[in-house]
Amino acid sequence: MTAPDTAEPLQRQFDDTIARDHRVEPRDWMPDGYRRTLIRQIAQHAHSEIIGMQPEGDWITRAPSLRRKAILFAKVQDEAGHGLYLYSAAETLGADRADLTERLIEGRQKYSSIFNYPTPTYADVGVIGWFVDGAAICNQVPLCRSSFGPYARAMVRVCKEESFHQRQGYELLLTMMRGTEGQRAMVQDAVDRWWWPSLMMFGPPDGDSPNSAQSMAWKIKRHTNDELRQRFVDMTVPQAERLGVRLPDPELRWNEERGRHDFGTPDWSELQRVIAGDGPRNAERVSRRRAAHEDGAWVREAASAYAAKQAARAAGAAAATQGQAQAQEGTAA
Ligand SMILES: [Fe+2]
Ligand SMILES: [Fe+2]
């Protein structure tokens, strides 16, 4: 006689949850691969939010007006918040936040390739909001229906903020396009530099994305990389026309038959290089994150010491109350 297989009914229950489009919650049984995939994806997403503060954060002290400074400050702070929600979501799967941070600063875990590009002008702030936050919206709106509950719920709030980020970027660019010849040229230059890296944010083409099929079967992911990229292009082309900029792709045109835009192929070898660590700003981004982590060690130590003191005080108070109750019981008897 063999021991009954306990995993099988649990697996059936999990499959059923996915099939019915219900949410998997942290207390539920889940296959190891599902847990590992989610921890990797959520951690990379969290790292991207945190590293993503740097390219624009560089402009906070140099914003052209108080209004622009306040907007940029709020936006960069939102990105920090997104990172924190996501680290919390990863913790519900048993991941340890300190360990995830170590992996990031040791280069063992990735973040979005887009944040390895430089931001030489203020138009970059606008184009990042328009393209990068726009691409993030295309990626993240379907994640609000992701099968893992804490991830899906975090995305609902994150997406509301991303939509503010996209609008502030576009509004900044509209203002610059109504300005001087020099400002219009600055916007076009930023568009030229960010367009292709933004298309690469959706990841390699479907044929080269080996984990996609499993993530789609688990309903972590709802659309393929190529589908999301197409959506982004279709959404952005009319916005570019309205703004009066040219997207730097000679193959970009409306395809009447498909009812969608045709567009050129990004330089995938560039994506591979940037992912492998050889982008224009990879080393700088990671070393700055490492320095911030080391500089913040005293804050984490102080917070832990304070939490330990509070816990000891609470335990002491509970023991005293219990002693008092026992003494009262003794008098009553
Ligand atoms: Fe974000
Ligand atoms: Fe954002």
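In a metal site, the donors are the N, O and S atoms that lie within 2.8 Å of the metal, and because water is not among the atoms, a site may look incomplete. With that in mind, the iron ion (ligand 2) of this predicted model is coordinated by Glu-79 (OE), Asp-133 (OD), Glu-162 (OE) and His-165 (ND1), at 2.0 to 2.2 Å.

**The chain as a whole**

The protein chain is built with 13 helices and two strands, and its C-alpha atoms fill a box of roughly 90 × 60 × 35 Å when this is taken along the principal axes. Of its 333 residues, 47% count as buried. If one takes the contacts between residues at least 6 apart in sequence, 78% of them join residues at least 24 apart.

**The two iron ions**

The iron ion (ligand 1) has its own set of donors, namely Glu-49 (OE), Glu-79 (OE), His-82 (ND1) and Glu-162 (OE), at 2.0 to 2.2 Å. The table sets the two sites side by side.

| Ion | Donor residues | Donor distances | Angles among donor atoms | Spacing along the chain |
|---|---|---|---|---|
| iron ion (ligand 1) | Glu-49, Glu-79, His-82, Glu-162 | 2.0 to 2.2 Å | 84 to 142° | E-x29-E-x2-H-x79-E |
| iron ion (ligand 2) | Glu-79, Asp-133, Glu-162, His-165 | 2.0 to 2.2 Å | 89 to 157° | E-x53-D-x28-E-x2-H |

Why is the arrangement around the iron ion (ligand 1) called irregular? The four donor atoms there subtend angles of 84 to 142°, and this range makes the arrangement irregular, since a tetrahedral site would need all angles to lie between 85 and 135 degrees. The site of the iron ion (ligand 2) is irregular as well, with angles of 89 to 157° among its four donor atoms.

The two ions are connected through Glu-79, which bridges the iron ion (ligand 2) and the iron ion (ligand 1), and these ions lie 3.4 Å apart. Glu-79 lies in helix 4 and His-165 in helix 7, so this pair ties together parts that are 86 residues apart in sequence. Both Glu-79 and His-165 are buried.

A second pair can be followed in the site of the iron ion (ligand 1), whose donors are spaced E-x29-E-x2-H-x79-E. His-82 in helix 4 (residues 66–91) and Glu-162 in helix 7 (residues 149–177) are 80 residues apart, and the pair links distant parts of the chain. His-82 counts as buried because its relative accessibility is 0%, and Glu-162 counts as buried because its value is 2%.

**Helix 8, helix 10 and a nearby histidine in sequence**

Two packed helices are described by the angle between their axes and the distance between the axes. For helix 8 (residues 181–200) and helix 10 (residues 225–243), the axes come within 9 Å and cross at roughly 145°. In this contact Trp-195, Ser-198, Leu-199 and Met-200 of helix 8 meet Arg-229, Phe-232, Val-233 and Thr-236 of helix 10. These residues divide into five nonpolar, two polar and one charged.

His-223 lies in the loop between helix 9 (212–217) and helix 10. Is His-223 buried or exposed? With 14% relative accessibility, His-223 counts as buried, because buried means under 20%. The side chain of His-223 makes a polar contact of 3.3 Å with the side chain of Glu-227, and another polar contact, of 3.4 Å, joins the side chains of His-223 and Arg-231. Leaving aside residues up to four places away in sequence, His-223 touches Pro-142, Arg-145, Met-216, Leu-228 and Arg-231.

Key: Residues are numbered from 1 along each chain as its sequence is written. Chains are lettered from A and ligands numbered from 1 in the order in which they are written. This is a predicted model: local features need pLDDT of at least 70, side-chain atom pairs count only at pLDDT 80 or more; totals for chains, interfaces and linings use all residues. Side-chain values use heavy atoms; hydrogens and water are left out. Donors are N, O and S atoms within 2.8 Å of the metal (3.2 Å for Na, K and Ca); water is not among the atoms, so sites may look incomplete. Four donors count as tetrahedral if all angles lie between 85 and 135 degrees; four count as square planar and six as octahedral if opposite donors are over 155 degrees apart and all others between 65 and 115; anything else is irregular. Helices (H or I, at least four residues) and strands (E, at least two) are DSSP runs, numbered from the N terminus. Buried means under 20% relative accessible area, exposed over 50%, partly exposed in between (1.4 Å probe, protein chains only). Axes are lines fitted to C-alpha atoms, for helices over the stretch in contact, and angles run from 0 to 180 degrees between N-to-C directions. Contact means heavy atoms within 4.5 Å. Ala, Val, Leu, Ile, Met, Phe, Trp, Tyr, Cys and Pro count as nonpolar, Asp, Glu, Lys and Arg as charged, and the others, Gly among them, as polar. A polar contact is a pair of N or O atoms within 3.5 Å; within protein, one must be able to donate a hydrogen and the other to accept it, and residues adjacent in sequence count only if both atoms are side-chain atoms.
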